[in-house]
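Subject: Handover of a structure and notes on what was found

Dear colleague,

I am passing on the structure we spoke of, together with the notes that go with it. Please read the notes with the coordinates open beside them.

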Amino acid sequence: MSTVDRVADELRRALFEGEIEPGTPLREVALATSLGVSRSTVREALGALVADGLVDRVANKGTVVHALTPEGISDICRARLVLEAAGIDAWANASEEARAAVRAAQAEFTRLTRNPVTAQELTAAHLDIHRSIAALTESPRLVATAEALYAEIRLALAHLDRVRGNTTEQAHAHGDLLELLEGGHLDEARAALVEHLAGAEESLMESVQPLG
């Protein structure tokens, strides 16, 4: 792993652990000093985070941590519903490997909720379930689109997973969805997904109100 990669990983960790809040300016000189690297290394690392959708380049302001807006949340949730509903519709015809990935993601998230882990680990596992559902489409283009959406909401989800304390409830909800899929109840699974994402949108909206 290069120095740039290590710096990018450290910045991601700080973002997902809540050490750097959305909207915070990221000063290259200060970061270079605190991390003990060159300013050019920090600049390259920040470029990687821009590509991830985690930070934004803002004219006359430099680089700031990405902050979702209410309008952005609504748009993301609409797009997520289209992609993940398509995954649910594809369950019956999906490969066994794709279906196994959903089972594995759900099992891992449930395991983590029963153990002392970081918010970053919980958020990653939570998103892995949704990523695996979208991946049931087995369309590289749709999966790539989903990845871009999940990167944009990961910061907000990390914050929510730290403060709402309902990870056990989340695990049960995802488990119920998987049971519906396994039983071939795709219409009910789609309805459960709609309800789940509506709840996620409501929580995300609440999380950004102070920033709005």
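What follows goes through selected helices, a cavity, an aromatic contact and a few single residues. Please keep in mind throughout that this is a predicted model.

Helix α1 covers residues 3-16, and its 14 residues should span 20 Å at 1.5 Å a residue, which agrees with the 20 Å between its end C-alpha atoms. The buried residues in α1 include Val4, Val7, Ala8 and Leu11, and Arg12, Ala14, Leu15 and Phe16 are buried there as well. An α-helix has 3.6 residues a turn, so residues three or four places apart point the same way. After α1 comes Gly18, which has a positive phi near 80°.

Helix α6 can be treated in a similar manner: with 16 residues, α6 reaches 23 Å from its first C-alpha to its last, which is close to the 22 Å expected at 1.5 Å a residue. Its buried residues are Ala119, Leu122, Thr123, Ala125, His126, Leu127, Ile129, His130, Ser132, Ile133 and Ala134. In the loop between α6 and α7 (140-163) lies Glu138, a residue other than glycine whose phi is nevertheless positive, near 55°. Is Glu138 buried, exposed or partly exposed? Its relative accessibility is 43%, and since partly exposed runs from 20% to 50%, Glu138 counts as partly exposed.

Turning to internal space, the count comes to 2 cavities of 30 Å³ or more, and the second largest cavity holds about 40 Å³. Its lining consists of Val102, Gln106, Ile129, Ile133, His174, Leu177, Leu178 and Leu181. The elements that contribute two or more residues to this lining are α5 (96-113), α6 (119-134) and α8 (167-182), with the largest share, 4 residues, coming from α8. Sorted by class, the lining of the second largest cavity has 6 nonpolar and 2 polar residues, with no charged ones. Two of the lining residues, Ile129 and Ile133, also appear among the buried residues of α6.

As for aromatic contacts, the structure holds 0 aromatic pairs. There is, however, a charge over a ring: the charged end of Arg99 sits over the ring of Trp91, at 5.9 Å from its centre.

Finally, three residues in helices may be useful as reference points for distances.

- Ser40 lies in helix α3 (residues 39-52) and is partly exposed, with a relative accessible area of 37%; Ser40 and Ile88 are 48 residues apart in sequence and 45 Å apart in space, C-alpha to C-alpha.
- Val143 belongs to helix α7 and counts as partly exposed at 25% relative accessibility; from Val143 to Thr167 there are 24 residues in sequence and 25 Å in space, C-alpha to C-alpha.
- Ala198 has its place in helix α9 (residues 186-208) and is partly exposed, its relative accessible area being 42%; Ala198 and Thr69 are 129 residues apart in sequence and 16 Å apart in space, again C-alpha to C-alpha.

With best regards

Terms used. Residues numbered from 1 in each chain as written. Predicted model: local features only at pLDDT ≥ 70, side-chain atom pairs only at ≥ 80, totals over all residues. Heavy atoms only, no water. Expected span 1.5 Å × (residues − 1). Buried < 20%, exposed > 50% of the residue type's maximum accessible area, 1.4 Å probe, protein only. 1 Å grid on protein atoms, 1.4 Å probe; cavity = no way out; pocket = protein on both sides within 12 Å on 5 of 7 lines; lining within 4 Å. Points joined across faces, edges and corners; volume = space filled by probe spheres on them. Nonpolar A, V, L, I, M, F, W, Y, C, P; charged D, E, K, R; others polar. Phe/Tyr/Trp six-rings, centres within 6.5 Å; stacked < 30°, edge-to-face > 60°. Lys NZ or Arg CZ within 6 Å of the ring centre and 35° of its normal.
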